[in-house]
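Thanks, everyone, for making the time this morning. I would like to walk you through one model, and I would ask you to keep the sequence and the structure in view while I talk.

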Amino acid sequence: MRIHKEGYKIIAVSFIIIGFIIGLICFFNGNTLTSIISSCAGIVIFLFITSFFRSPNRKTNLDADSVLASADGTIVIIDEVYEGEYLKEKCIQVSIFMSIFNVHVNWFPISGIVEYFKYHPGKYLVAWHPKSSEKNERTTIVVRHESGHKVLFRQIAGYVARRIVCYAKVGNQVEQGAQTGFIKFGSRIDLFLPLGSEILVEKGDKVKGKQTIIAELPKSRI
């Protein structure tokens, strides 16, 4: 299992803290049932933390006109909404909820030029809360596709997630399936697609990042 670079520090610190606590318990209790249970619990917790930062080596299902899932998780919203931060127009919102058991790496859903990026500090409402995309800590990224269409997507921190990492930079050419960043300990990804996009998923569907096709973009607007 590959470990993502964003997890190195947390995993190392967790190992030291858990090891120290287990050491103290064993020192004061000796080879007792309490020590054995504590040791087993510490190992399970450490493995659980490590699993958050797994980074699968996946082949990208490249398709120039398709929008790929930006994260692993469950489709929780498909709706026509007004996007008011940057696009200033009606879009189709598709949201992917990432549980603590999902892979937490995020990927670019399309290839193109990063036209906009902004980090928003905020609250930590549960990720499925309707206001989480407006109130929570989040990043907003807009990629302009070669067809002229723009896809906006957000990394949104949840109740447990307290740290978003994003590698997007305005002006960069990005490739579909390349890493966008990482959300530590679960959250949500919102995709805002042009009206006329053919949505290929339904609410409740399980999707896999950089492999599941979320939608087909409309014909070129150039």
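In this predicted model, three strands form an open sheet in the order E1-E14-E12, and their pairing is antiparallel. Strand E1, residues 66-68, and strand E12, residues 198-199, stand at the edges with a single partner strand each, so one side of each has no neighbour in the sheet. If we look at how E12 is held to strand E14, which covers residues 213-216, we find two bridges between these antiparallel strands, and for Ile199 the bridge partner in E14 is Ala215. As a general reminder, the strands of a sheet pair through backbone hydrogen bonds, and this can be parallel or antiparallel.

Let me turn now to helix H1, residues 8-29. Its 22 residues should span 32 Å at 1.5 Å a residue, and since the C-alpha atoms at its ends are 31 Å apart, the expectation and the model agree.

Which residues of H1 are buried? They are Ile11, Ser14, Ile18 and Ile22, and because these residues cover an arc of only 65° around the axis, they lie on the same side of H1. What the buried residues of H1 pack against is helix H2, residues 33-52. On the other side of H1, by contrast, Tyr8, Lys9, Ile16, Phe20, Phe27 and Phe28 are exposed, so please note, taking exposed to mean over 50% relative accessible area, that three phenylalanines appear in that list: Phe20, Phe27 and Phe28.

Finally, just after H1, Gly30 adopts a positive phi of about 70°.

Notes:
Residues numbered from 1 in each chain as written. Predicted model: local features only at pLDDT ≥ 70, side-chain atom pairs only at ≥ 80, totals over all residues. Heavy atoms only, no water. Helix = DSSP H or I, 4+ residues; strand = E, 2+ residues; numbered from the N terminus. Expected span 1.5 Å × (residues − 1). Buried < 20%, exposed > 50% of the residue type's maximum accessible area, 1.4 Å probe, protein only. Arc of directions from axis to C-beta. Contact = heavy atoms within 4.5 Å. Pairing = 2+ DSSP bridges.
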